[in-house]
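Please work through the following exercises with the sequence and the structure at hand. Each task is followed by a solution in steps.

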Amino acid sequence: MTTPLNFDTTWRYAPAPESIPVRLRKSYGLFIGGEWTEAKDGRTFRTINPASEKVLARVADASAADVDRAVKAARRAYDRVWSKLPAAERGKYLFRIARMIQERAREFAVVESMDGGKPIRESRDVDIPLVAAHFFYYAGWADKLDYAFPGRRAAPHGVAGQIIPWNFPLLMAAWKLAPALATGNTVVLKPAETTPLTALKLAELIQDADLPPGVVNIVTGGGETGAALVNHPGADKIAFTGSTEVGKRILRALAPTGRSYTLELGGKAANIVFEDAALDQAVEGIVNGIFFNQGHVCCAGSRLLVQESVAETVVAKLKDRMATLIVGDPLDKNTDIGAINSKEQWKRIQGYLKLGEAEGAEKYQPACALPEKGYWCPPTLFTGVSQSDRLVQEEIFGPVLAIQTFRTPAEAVEKANNPPYGLSGGVWTDKGSKIFKISSKVRAGVLWANTYNKFDPTAPFGGYQESGMGREGGLHGLLPYVRLLDPEHS
Amino acid sequence: MSSSRIPVLKTYKLYIGGAFPRTESGRYLPFAAPSGRVLANICHASRKDARDAVKAARAAFPGWSGASAYLRGQILYRLAEMLEARAEAFAAELKAQGQPLPAARKEVQAAVDLLVHYAGWTDKVQQVFSSVNPVASSHFNFSMQEPTGVVAAVAPDRPGLGGLVGLLAPALAGGNTVVAAASETFPLTAITLAEAIHSSDVPGGAVNILTGVRNELLAPLAAHMDVNAVVYAAEDGAAWAEARVQAAENVKRMIRRAPAAPPSPYAILDTLETKTTWHPVGV
């Protein structure tokens with residue numbers, strides 16, 4: 001057994017709140033055709049800070065009529081401007097946007113943490129730098145598409161309708177916008193209902209960048225707004241990131257149409273730890289895998305599969321490490337786990353915590369003081385779960401880890417591949433040949449070996465099976481936004 | 001004496017799991033030549049046959065997807081050899097089903113050439129579509145392709161041979177296993193193709209071929225939770241739309257293809273998944 005870490009000292013972290021001022025308007029409209037406009041029926045909704053439950057701003061709630069205006073604006077911009085612009089010039093706009101995001105990075109990071117609840121350390125060091133990098137990467141593709149698809153000419157779809165989730169609000173906007181624009185599409189983007197602010201601030205930045213009006217349109221709202229976009233025949237392509245349940249609804253809606261789609265859906269990734277792994281590093285990887293961004297991560301390592309011979313040690317080390325995690329103010333630079341994104345999500349997670357105990361699993365949460373206001377969930381693990389338990393099969397989207405053991409590599413692979421998802425996986429071992437064997441057997445789109453939750457604009461990301469279709473990032477991330485024409489047959 | 005010899009007619013059955021069973025349903029469809037003469041009672045495959053075929057395809061998947069690309073290439077090439085050797089028989093059978101002989105001969109040659117073409121892709125498609133990704137952190141990062149899994153293929157009415165081969169070859173080249181619903185206009189050719197496949201070292205279950213009514217087979221295949229993709233080259237738009245609704249349940253890849261699409265590595269790519277692997281670089 002290991003010696004527990006000793007944190008029982010009088011030494012405490014002093015609060016270290018981020019102090020960069022941000023400029024937020026009291027209310028935000030829809031960004032359509034390069035202009036700010038109210039929703040036609042005047043409806044609005046509030047976006048709140050999940051760490052304080054205070055209202056941050058009122059935001060326009062787009063109806064089907066507003067979505068129609070946005071799609072038409074995007075079509076006009078496509079027909080009149082964007083499709084006629086030389087590709088290199090398209091790219092220069094994207095380079096410009098990337099640079100302006102870098103200039104205002106800290107401001108965006110603070111707003112992201114205020115609106116979504118994620119720790120400032122993550123929005124500052126992960127989300128926003130990746131946003132800028134993503135625009136910078138795809139900017140360079142704009143005039144090089146002839147080299148991307150051998151034997152084919154890449155042509156844009158036209159208008160892309162894009163719907164993004166609340167877990168990485170601005171990063172998902174960048175993942176959607178950058179490749180769509182680089183390949184010559186115009187866009188109608190719908191941010192998530194609980195996290196619209198950074199996308200709206202991006203709209204301001206896009207105005208500052210002089211992007212032609214209508215090339216990017218941003219419509220805020222909830223599920224109805226998203227459905228209006230999916231059902232709009234003028235959106236030639238639909239790109240969605242979100243739950244598998246909604247993804248299936250979108251597939252059914254699009255089935256009778258010839259419109260193109262790509263989906264990035266849920267996951268229930270297995271993080272597989274072999275007995276020959278560097279266990280301390282593996283524990284860090286497990287923590288990063290499931291507690292990064294409060295576990296609001298589709299590729300989260302929400303299942304730990306640990307080899308039986310080291311299970312006791314790993315779980316002990318993990319509990320020990322969990323006790324050191326700081327849950328609290330997202331704007332404090334020391335915070336490890338911020339606020340749960342919304343009350344709705346908090347309830348969902350609480351439901352799973354109760355369910356886990358009802359299913360007979362054993363719950364562990366370190367003792368930690370939670371703020372009185374806001375939505376919080378301490379880091380949680382469950383042991384004693386079975387393969388058929390809902391804790392093992394279903395995506396929770398919270399800081400909740402289900403731990404199972406295995407004896408042989410074959411058993412690990414079988415358990416890893418059992419749920420219908422296939423987004424990501426982790427493998428921890430010091431043996432190179434085992435890494436290749438296991439990572440090729442796990443049916444998932446992203447495999448992290450001796451690391452976890454790493455992202456890069458050059459690295460394609462996306463799922464197998466019920467985790468979706470299509471890739472975002474890298475050369476492969478261009479494909480969802482182009483039609484491939486055969487020069488000999490077109 | 002020779003004039004009184006009774007020819008031996010062939011029984012056309014299904015091809016499932018490397019065997020030639022009759023449909024479990026006992027149903028048959030009389031299949032007539034353009035002259036009206038019944039050529040065969042073909043199997044009217046059932047939903048249960050479709051499920052059995054999926055089971056066989058799934059069982060064959062680890063072996064076929066795990067075979068080296070070189071071996072898969074050689075086996076597809078071997079299938080081309082088998083077709084070439086039986087070219088006249090295929091042409092005659094196409095003719096019996098209504099295809100003029102010169103066109104039938106051309107079609108068989110085209111099918112052989114298509115197989116040779118795809119045989120050569122098995123060990124190149126990965127090189128064309130994979131990538132090493134220059135991530136901005138100290139990781140080695142690469143993306144490569146893996147087969148989607150079990151692919152359901154719905155053949156067009158015509159070309160009678162090329163239509164089916166054009167669906168099977170790219171899916172197999174990529175390492176998938178296949179359940180195919182045959183042309184309703186040239187069903188005999190599909191089963192004769194199965195015989196050629198059976199003698200080509202294609203492992204049992206890697207290809208399964210069903211005859212009958214395609215729309216009756218499309219529905220259970222599109223709804224089947226263990227089918228990963230459907231490639232559709234028939235021309236019933238309404239049936240295809242309905243299949244896409246059914247297929248949403250397990251997020252199948254739904255691929256529509258022209259009946260006589262020219263060969264392309266992108267047809268292989270349609271039935272592949274891209275996997276990105278990360279590993280830290282360090283000592």
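**Exercise 1.** Over how many bridges do strand β6 of chain B and β7(B) pair, and in which sense?

*Solution.* The model is predicted: local features need pLDDT of at least 70, side-chain atom pairs count only at pLDDT 80 or more, and totals for chains, interfaces and linings use all residues. Residues are numbered from 1 along each chain as its sequence is written, chains are lettered from A and ligands numbered from 1 in the order in which they are written, and side-chain values use heavy atoms, with hydrogens and water left out.

Step 1. Helices (H or I, at least four residues) and strands (E, at least two) are DSSP runs, numbered from the N terminus. Two strands pair if DSSP finds at least two bridges between them.

Step 2. Strand β6 (residues 177-181) of chain B pairs with β7(B) over four bridges, in the parallel sense. Opposite Ala180(B) stands Ile209(B) of β7(B).

**Exercise 2.** Place this pair in its sheet and identify the helix that lies across β5, β6, β7 and β8 of chain B.

*Solution.* Step 1. The strand order in chain B is β7-β6-β5-β8-β9, an open sheet of five strands with parallel pairing. β7 (207-210) and β9 (253-256) of chain B have a single partner strand each, so one side of each is left without a neighbour in the sheet. On average, neighbouring strands of this sheet are turned by 15° against each other, direction ignored.

Step 2. The helix is α8 (residues 214-223) of chain B, which runs at about 155° to β8(B). Such angles run from 0 to 180 degrees between N-to-C directions, and axes are lines fitted to C-alpha atoms, for helices over the stretch in contact.

**Exercise 3.** Trace the sheet that contains strands of both chains, and name its edge strands.

*Solution.* Step 1. The order is β14(A)-β15(A)-β16(A)-β13(A)-β12(A)-β17(A)-β18(A)-β10(B)-β4(B)-β3(B), an open sheet of 10 strands with mixed pairing. Its edge strands, each pairing on one side only, are β14 (362-364) of chain A and β3 (131-132) of chain B.

Step 2. At the chain A edge, β14(A) runs antiparallel to strand β15 (residues 380-383) of chain A, and three bridges join them. Glu362(A) has Thr383(A) as its bridge partner in β15(A).

**Exercise 4.** Describe how α9(A) and α10(A) cross, and which classes of residue form their contact.

*Solution.* Step 1. Helix α9 (residues 279-291) of chain A lies across several strands, including β12 (270-273), and runs at about 175° to β12(A). Helix α10 (residues 308-322) of chain A lies across β13, β14, β15 and β16 of chain A, at about 135° to β13(A).

Step 2. The axes of α9(A) and α10(A) come within 10 Å and cross at roughly 60°. The two helices are therefore oblique to each other (angles under 35 degrees count as roughly parallel, over 145 as roughly antiparallel, 65 to 115 as roughly perpendicular and the rest as oblique).

Step 3. The contact of α9(A) with α10(A) holds nine nonpolar, one polar and four charged residues. Ala, Val, Leu, Ile, Met, Phe, Trp, Tyr, Cys and Pro count as nonpolar, Asp, Glu, Lys and Arg as charged, and the others, Gly among them, as polar.

**Exercise 5.** Is His44(B) buried or exposed?

*Solution.* Step 1. His44(B) is located in the loop between β2 (38-43) and α1 (47-66) of chain B.

Step 2. His44(B) counts as buried because its relative accessibility is 10% (buried means under 20% relative accessible area, exposed over 50%, partly exposed in between, with a 1.4 Å probe and protein chains only).

Step 3. Leaving aside neighbours within four places in sequence, His44(B) is in contact (heavy atoms within 4.5 Å) with residues including Arg27(B), Tyr28(B) and Glu216(B).
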